[in-house]
Amino acid sequence: MRTAMFSAQNYERALLNELNTDHGHDLVYLDALLDSDTASLAAGFPAVSVFVNDTVDRRVLNHLARGETKIIATRCTGFNHIDLEAADELGIKVVRVSNYSPNSVAEFAVGLLLALNRKIHRAYNRTRESNFSLDGLMGFDLVGRTVAVIGTGKIGTIFGRIMVGFGCNVIGFDVHRSPEFERIGGRYVDAEGVETADVISMHCPLTPETYHIVGQRTLARVKKGALLINTSRGGLVDTEAAIDALKSGRLGGMALDVYEQEASLFYKDLSSSIVSDDVMQRLISFPNVIVTGHQAFFTREALQTILGTTLESLSEFEAGRTLTNQISTSRSNG
Ligand code: NAD
């Protein structure tokens, strides 16, 4: 099926071409992010594939519907970038990759926590300049510490399991309790209970209910020196409030793989440009902040599953089969 692949990175194109030999779709790669200015590029394509920072709101969907698009396949788990109600009204089906190595994200979150706590990012830079001093590099033992998991789904539970292995006391906050989270040794608390933790790791979807779930109020009450890890979605954390909490010392450090305004920055090499996002510039100036560019999913296993599932969904649609990974408007998950 003729498919417009928006935001297609080089590493995806090679693998897509390889996997597509089993499907035979006509894939047209587009560098552009999908938005209302670029939606016309998809005119005449029955299928459109997007990624996390493409905009698939009502305006864009109206454009796509006029161009005869019938299915949107997002190459990720979260779908906060897609207006599902508008898609449903316009008769456009939406599929996602509901399950691909959740280990990839959980393991990366653990990596960020270790780097942030033990200042590995700073040590790496120092030793490259023959500076072997330890001043400013002290961390704390994780064993016996309390780690809070916000969102105890697939990724949050694996993250929790790894932290139990470190000897941490793992607590969780979720609107739905998972027996698996309790089986691995996690204990549920209410929203305020999270504020007792030494480490808070975000693993819930971005929805209207979770927007800025970690904001000024929570940040004023977290344990002094707590570390915040966000590998889920930028909009979960009020970044300006987090900067204030870092400045006051209430927050001991923050590691972000996602950022609310990431669409204009991530997946681009801006090293020769002046980055005009002052909040990001501020963030990367802190010694106790680590920013990565939405790469937690990025393992060979995960990418293969993401792209293979996307192609399979397109084949299911083309053959009129049931869409295994369709997102229905009634789901609140992301
Ligand atoms: P999941 O659906 O298995 O788990 C999400 C959990 O969040 C569920 O248990 C759900 O009940 C809970 N939740 C929903 N609303 C909540 C609320 N208001 N408060 C607390 N908890 C709430 O999803 P998953 O596969 O574990 O993925 C989690 C998130 O990770 C995704 O939504 C996505 O945003 C993010 N993600 C990031 C990357 C990356 O590369 N950085 C990759 C994949 C997924």
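**Two domains and what lies between them**

There are 11 helices and 12 strands in the protein chain, counted as DSSP runs (H or I of at least four residues for helices, E of at least two for strands) and numbered from the N terminus. This is a predicted model, where local features need pLDDT of at least 70, side-chain atom pairs count only at pLDDT 80 or more, and totals for chains, interfaces and linings use all residues. Residues are numbered from 1 along each chain as its sequence is written, and side-chain values use heavy atoms, with hydrogens and water left out.

Reader: What radius of gyration does the protein chain have, next to a compact globule?

Author: The globule rule is 2.2 Å times the number of residues to the power 0.38, and the radius is taken over C-alpha atoms. For 334 residues a compact globule would come out near 20 Å, so the chain agrees with its 21 Å.

Reader: How many residues of domain 2 are in contact with domain 1?

Author: The domain assignment, automatic or from a database, gives domain 1 as 2-100 + 299-327 and domain 2 as 102-291. Taking contact as heavy atoms within 4.5 Å, 14 residues of domain 1 meet domain 2 residues numbering nine.

Reader: Which residues of domain 1 lose the most area to domain 2?

Author: Buried area is the accessible area (1.4 Å probe) that two parts lose on being put together, summed over both. Domain 1 and domain 2 bury about 980 Å² between them, 51% of it on carbon and sulfur atoms. Together making up 45% of what the domain 1 side buries, the residues that lose the most are N53, N80 and Y100.
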